[in-house]
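User: I am a first-year student and would like a close look at one part of this structure. Please take one helix and explain how its residues sit among the rest of the chain.

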Amino acid sequence: YAHYADWLVSTTLIVVLLGQVAGAGMDVIFGAVGANVIYLFSSYMGSVSVVTTVKWFWFLIALAALFGVIVHFAQVFKTAADSKGPEIAALYGKAAWLSILVWICYPVVWLFSEGFASFSVSFEVVAYTIMDIISKCVFSFMIVSAHDSLGQPAQATTQSREYV
């Protein structure tokens, strides 16, 4: 269950970073972070629950909270990113959709591993590891590689820098 503590830190940072890339207000970012925390807490509670009805209750709450995070990514943050210009909007679109598509897979794995108990623990660990690598490492590489367009005004991006 340590991965829930890991996800609490890492996904919160991803939500904050996406909000900052998009140029969203801190109140909107905190709303998305709150929904993310509710999602993770509910997923954890569902995985430690032994009563089947309680497990599914927590799973439904987690899905509702994840839907709130996805709405922030797909609509609220996107509106802010579109207003910052085409480069930021393109970067945000790629990073946000990567996050949305991978984050939708987490409840599917939870459903078949914790919910129905039809996946082995080994498969669950491998699936979560692959999703973590994509949602964290690939996401971070996308953001860091676009550093030049993020840190400067649009007219000052005439020169590209390469670092070895």
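Analyst: What follows looks at helix α2, after a short view of the whole chain.

The model is predicted. The chain has six helices and zero strands, so its elements, read from the N terminus, run α-α-α-α-α-α, each helix being a DSSP run of at least four residues. The C-alpha trace spans about 60 × 35 × 20 Å along its principal axes. Of the 164 residues in the chain, 42% are buried. The accessible surface comes to about 9,100 Å², and 73% of that belongs to carbon and sulfur atoms. Among contacts between residues at least 6 apart in sequence, 71% join residues at least 24 apart.

Helix α2 covers residues 26-48. Two of its residues serve as examples here: A32 and S47.

A32 has a relative accessibility of 0% and counts as buried, because buried means under 20%. Leaving out residues up to four places away in sequence, A32 touches V15, V69, H72 and F77. A32 can also be placed relative to F73: the two are 41 residues apart in sequence, but their C-alpha atoms are 8.4 Å apart in space.

F73 leads on to the nonpolar core. The largest such core has 44 residues, and those with the most contacts inside it are L18, F73, F77, Y92, W103 and Y106. Helix α2 is one of the elements that give two or more residues to this core; the others are α1 (2-22), α3 (52-82), α4 (86-115) and α5 (121-145). The most comes from α4, with 13 residues. Setting aside neighbours within four places in sequence, F73 is in contact with V15, L18, K78, Y92, A96, S99, I100 and W103. V15 is thus named among the contacts of F73 and among those of A32.

S47 is the other example from helix α2. What is its relative accessible area? The value is 5%, so S47 is buried as well, the limit being under 20%. A polar atom of the S47 side chain lies 2.8 Å from the backbone oxygen of Y44. Beyond residues up to four places away in sequence, S47 touches Y1, Y4, K55, W110 and E114.

To put the two side by side: A32 is buried at 0% relative accessibility, and S47 is buried at 5%. The contacts of A32 include V69 and H72, while those of S47 include K55 and W110.

Conventions. Residues are numbered from 1 along each chain as its sequence is written. This is a predicted model: local features need pLDDT of at least 70, side-chain atom pairs count only at pLDDT 80 or more; totals for chains, interfaces and linings use all residues. Side-chain values use heavy atoms; hydrogens and water are left out. Buried means under 20% relative accessible area, exposed over 50%, partly exposed in between (1.4 Å probe, protein chains only). Contact means heavy atoms within 4.5 Å. Accessible areas come from the Shrake-Rupley method with a 1.4 Å probe; for residues, only the protein chains shown count as cover. A polar contact is a pair of N or O atoms within 3.5 Å; within protein, one must be able to donate a hydrogen and the other to accept it, and residues adjacent in sequence count only if both atoms are side-chain atoms. A nonpolar core is a set of buried Ala, Val, Leu, Ile, Met, Phe, Trp, Tyr and Cys residues joined through side-chain atoms within 4.5 Å.
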